[in-house]
Amino acid sequence: MTKPPRKSSKPLLRETDEPVRSRPRRRRDPAQPNLPFDPMPERIEPCLALLKQKPPKGPQWAFEVKWDGYRLAIHIEPSGVRILTRGGHDWTHRFPSIEAAAKTLPVTMAILDGEAIVLDEQGRSDFGMLQQALGGRGGRKTAGDAIAMVFDLLYLDGHDLKGSELSVRRHLLEGLVPAGGQGGIRLSEEVDADGEALLRVACQHGLEGIIAKDRDSAYRSGRLGEWVKIKCIQSDSFFIVGYELSVAARGRIGSLLLAARKGDDLVYVGSVGTGFKESEAWKLRGMMDRIKRKTAPIAYAGGRNDLVWLQPTLIAEIEYRAWTSDGKLRHASYKGLRDRQDNAVVYEVA
């Protein structure tokens, strides 16, 4: 005989007329009470390009021009705009034109990845001009002429896009920042060309180089190989560990002595005596004279007595053509000082 159905101890309908309510699955972020999507990150560590000698081959690789400036993340929120450096420092006040352009984009919440640059008369990015606009290392100036060349979109109106393919992120980015714009935020356009041919053209036009990116890759922080940079002229960051005195040179600086990292130590990689402008040289001399030391911070076999040794705290951006067989820079030229807040990575020798 079939048993009658057991009466449920938790009936679906209550005796009252109150509507049935389920328990919330999880507490929402109080800063976003009405947004049941992905919370907006406070900061995202950037994806960095791995240096290669030749462009990669294959249909999955997309190519762009390499811009020479400061890496930035532009956070657009209902409360306003935040512009963060690679090291996570807030430089919103230093890029007023970029901030103003961000406020006009047709979006409520977004994180754009890009590079702050200043263009020269030929339309090329010039790191030295950007440094001058900002007042040099530790400067307090605002760079009104700076623009942001954006190349990735990491968050859009409640959706975290880091796990999406680059091709998807680029498609959404182009909807926010159309190609060919001339405002404070511009699209770093993909170039439909063979990598080697594009590199030749970039070098002929005096550009720093090109970037190759895997179209199928997600956005991963760090230098993992999904993004690759190929340079026309090598440019890296080195510690200034001393300088050569000179009566005739600007700022009385004959040359700067440079060092790279080697494990936990520093190793001498040569000197640079060109690229200085008059005002920059005297300002640099004043900064160096505040960090003098009596002994060399590196192993140095030169034996000259006209050298002034420094604490290894200043980081210079140096252009060079190649390395000599004994590990020294060839045809080096000074470009400017890197700011600590830019979180510059000092070159490390193998």
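Start by selecting residues 253-272 and look at the turn: in the hairpin of E12 and E13, with 2 residues between the strands, glycine 263 takes a positive phi near 65°. Strands here (E, at least two residues) and helices (H or I, at least four) are DSSP runs, numbered from the N terminus. Strand E12 (residues 253-262) and strand E13 (residues 265-272) run antiparallel, joined by 7 bridges; two strands pair if DSSP finds at least two bridges between them. For one rung of that ladder, show alanine 259, which stands opposite tyrosine 268 in E13.

Before you move on, a word on what you're looking at. This is a predicted model, where local features need pLDDT of at least 70 and side-chain atom pairs count only at pLDDT 80 or more, while totals for chains, interfaces and linings use all residues. Residues are numbered from 1 along each chain as its sequence is written, and side-chain values use heavy atoms, with hydrogens and water left out.

**Zoom out**

Show the protein chain as a cartoon: 5 helices and 19 strands make up its secondary structure. Of its 350 residues, 45% count as buried, meaning under 20% relative accessible area, with exposed over 50% and partly exposed in between (1.4 Å probe, protein chains only). Switch on the surface and you have about 19,400 Å² exposed, 50% of it supplied by carbon and sulfur atoms; these areas come from the Shrake-Rupley method with a 1.4 Å probe, and for residues only the protein chains shown count as cover.

**Into the cores**

Now select Ile74, Phe95, Ile98, Leu112, Val177 and Ile185. These have the most contacts inside the largest nonpolar core, which has 32 residues. Such a core is a set of buried Ala, Val, Leu, Ile, Met, Phe, Trp, Tyr and Cys residues joined through side-chain atoms within 4.5 Å. Among the elements that each supply at least two residues of this core are strand E3 (70-77), helix H1 (96-103), strand E5 (110-117) and helix H3 (166-176).

Which residues does isoleucine 185 touch, leaving aside neighbours within four places in sequence? Expand around isoleucine 185 and you'll find Ile74, Ile98, Ala101, Ala102, Leu105, Ala148, Val150 and Val177 in contact with it (contact means heavy atoms within 4.5 Å). Apart from this core lies another, of 25 residues, among them Ile240, Phe276, Val308 and Leu329.

**Rings**

Color the aromatics next: the whole structure holds 13 aromatic pairs. Rings of Phe, Tyr and Trp (its six-membered ring) pair if their centres lie within 6.5 Å; planes under 30 degrees apart count as stacked, over 60 as edge-to-face and the rest as tilted. Pick tyrosine 70 and phenylalanine 127: their ring centres are 5.9 Å apart and their planes stand at 80°, so this pair is edge-to-face. The two link distant parts of the chain, with tyrosine 70 in strand E3 and phenylalanine 127 in helix H2, 57 residues apart. Tyrosine 70 counts as buried at 1% relative accessibility, and phenylalanine 127 is buried with a relative accessible area of 1%.

For a stacked pair, go to phenylalanine 276 and tyrosine 334, at 4.8 Å centre to centre with 25° between the planes. Phenylalanine 276 is in the loop between E13 and helix H5 (278-288) and tyrosine 334 is in strand E19 (residues 333-338), so the pair ties together parts 58 residues apart in sequence. Both phenylalanine 276 and tyrosine 334 are buried.

Back at tyrosine 70, add Trp91, Phe95 and Phe127 to see Tyr70's aromatic cluster. Then show arginine 94, which lies over the face of tryptophan 91 at 4.6 Å from the ring centre. Here, a charge sits over a ring if NZ of Lys or CZ of Arg is within 6 Å of the ring centre and within 35 degrees of the ring normal. Lysine 213 does likewise over tryptophan 227, at 3.9 Å from the ring centre.

**A proline in a loop**

Select proline 312, in the loop between strand E15 (307-310) and strand E16 (315-320). Is proline 312 buried or partly exposed? Proline 312 counts as partly exposed, at 24% relative accessibility. Valine 241 is 71 residues away from proline 312 in sequence, but 5.2 Å away C-alpha to C-alpha.

**Last stop: an open sheet**

Finish with the 4 strands of an open sheet, in the order E1-E10-E9-E2, with mixed pairing. Strand E1 (50-51) and E2 are at the edges, each with a single partner strand, so one side of each has no neighbour in the sheet. Even so, 4 of the 5 residues of strand E2 (residues 61-65) are buried.
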